[in-house]
Amino acid sequence: MTILSPIEKLNHTIFDENQLHVYIKRDDLIHPIISGNKWRKLKYNLKQAKTNGYEGIMSFGGAYSNHIHALAYACQQHQIASVGIIRGENHYQSNATLSQAQKWGMKLTFVSRAEYKRRQDPSYISTLQNHYPNHLIIPEGGSNELALGGVGEIISELSQQLTYDTLILPVGSGGTIAGLIKADNNKHRILGIAVLKQADYLKNDINTLINKPSATEENWQLLTNYHGGGYGTFSIEAAEKIAAFSKQNAIPFEPIYSGKMLLACLNLAEQGYFAKNERIVLLHTGGIQGLVGLAERGKINSTQWHWPPGLSVH
Ligand SMILES: *Cc1c(COP(=O)(O)O)cnc(C)c1O
């Protein structure tokens, strides 16, 4: 599968008023269902599992996790087993994300929040490994060393596609921005928009992933005041603004990652943060499958949103 995702121009009066050239790299189009950065992060993890003859891959996630969703599909495609350790109760197994993951063959184990908190604890990991001896265990969100190489390929694709000054992306665990920083090697400005509250600790995590001392911040920055209330939280106004932009540009967005990045970019543009004629690329990290769950739970009004072909509310 080729994953050179397209670039499109974005339109908004705020961009025009500030003489900005804003583009979006559509990693959400890498695959109609499995979108974006999770696919990139899994690429070399899957290779590793195959090369080393693992029987399956095990990983962790919340009940609506894009990573779990992507992992289930990718493992089915590569004909290897998958196991998801899911935070929360059994009843989540019938939600849109997890019922799809099970259709793709993933085995789910639901664990308490307390147990889930131990997901990085070496003794917990080794217990899991004993239960599933032939499984490659990868962290929540897929953010490990192998993920960086897959994500870094975005930078080489961009260099074939356009010239730009600044690359903007949403940040969850920091794996994606770390891969971009490493591959970019100080050639462009990279701005990460943290989607969770109190995310300053992520700066250290990012530096750790790229093997830099913790105080290092070179051509990149993590903006931590655009979380809009915390992970998975957004106001009605924010959702409406994102949905309107999405319809106007006929590009799907969701309010948890790509939408927060978009609102941050509009706000920064309005404040005169960017230089005149600056060329900006937003990275659409995907996650559009999450819209179904949000609509199911009544968290968004599905008629306001631009839905990509093939995705719908049941
Ligand atoms: C997981 C995810 C992110 C965050 O990526 P990290 O590598 O964890 O920072 C961003 N966007 C979408 C759609 C995601 O699913």
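# A tour from strand β4 to strand β9

Start by selecting residues 81-87, which form strand β4. Five of these seven residues are buried, so the strand is largely enclosed by the rest of the structure. Keep in mind throughout that this is a predicted model.

**Neighbours of β4**

Add residues 56-61, strand β3. This strand runs parallel to β4, and six bridges join the two. To find one place where they face each other, pick Ile57 in β3: Ser82 of β4 stands opposite. Now follow the chain out of β3. It passes through helix α3, residues 66-77, before it reaches β4, and this β-α-β crossover is right-handed.

Next, select residues 107-111, strand β5. Here too the pairing with β4 is parallel, over five bridges. Click on Ile85 and look across to β5, where its bridge partner is Thr109. The route from β4 to β5 goes through helix α4, residues 96-103, in a right-handed β-α-β crossover.

**The second set of strands**

Move to residues 189-194, strand β8. Of its six residues, five are buried, which leaves the strand mostly covered. Show strand β7, residues 166-171, as well: β7 and β8 are parallel and share six bridges. Thr166 is a good residue to pick, with Arg189 of β8 opposite. Helix α8, residues 175-184, completes a right-handed β-α-β unit with β7 and β8.

Then show residues 220-223, strand β9. Four bridges link β9 to β8, again in the parallel sense. Ile190 has Trp220 in β9 as its bridge partner.

**Two nonpolar cores**

In soluble globular proteins, nonpolar side chains tend to be buried together. Select Leu167, Ile168, Leu180, Phe274 and Leu282 to look at an example: they touch the most other members of the largest nonpolar core, which has 69 residues. Helix α11, residues 258-270, gives this core its largest share, eight residues.

Which residues does Ile168 touch, leaving aside those up to four places away in sequence? The list is Leu191, Ile193, Met261, Cys265, Phe274, Ile280, Val281, Leu282 and Leu283. Another core, of 26 residues, lies apart from the largest one; Ile30, Ala74, Ala101 and Phe110 are among its members.

**Around the ligand**

Now centre the view on the ligand. There are 15 residues around it, and Lys38, Lys41, Ser173, Thr176 and Thr285 come nearest. Take the two lysines in turn. A side-chain N or O atom of Lys38 is 2.7 Å from an oxygen atom of the ligand, and for Lys41 the distance to a ligand oxygen is 2.6 Å. Asn66 also has a polar side-chain atom 2.7 Å from an oxygen atom of the ligand.

From Lys41, step to Ser143, whose side chain makes a polar contact with the Lys41 side chain at 2.9 Å. Ser143 sits in the loop between β6 (135-137) and α7 (145-161). Is Ser143 buried or exposed? Its relative accessibility is 13%, and residues under 20% count as buried. Beyond four places in sequence, Ser143 touches Lys41, Ser173, Gly175 and Leu209.

**Last stop**

Finish at Thr127 in helix α6, residues 122-131. With a relative accessible area of 40%, Thr127 is partly exposed. Its side chain reaches the backbone oxygen of Ser123, at 2.8 Å.

Notes
Residues numbered from 1 in each chain as written. Predicted model: local features only at pLDDT ≥ 70, side-chain atom pairs only at ≥ 80, totals over all residues. Heavy atoms only, no water. Buried < 20%, exposed > 50% of the residue type's maximum accessible area, 1.4 Å probe, protein only. Pairing = 2+ DSSP bridges. Right-handed = clockwise from strand over helix to strand, strands pointing away. Core = buried A, V, L, I, M, F, W, Y, C linked by side-chain atoms within 4.5 Å. Contact = heavy atoms within 4.5 Å. Near = heavy atom within 4 Å. Polar contact = N/O pair within 3.5 Å; in protein donor to acceptor, adjacent residues only side chain to side chain.
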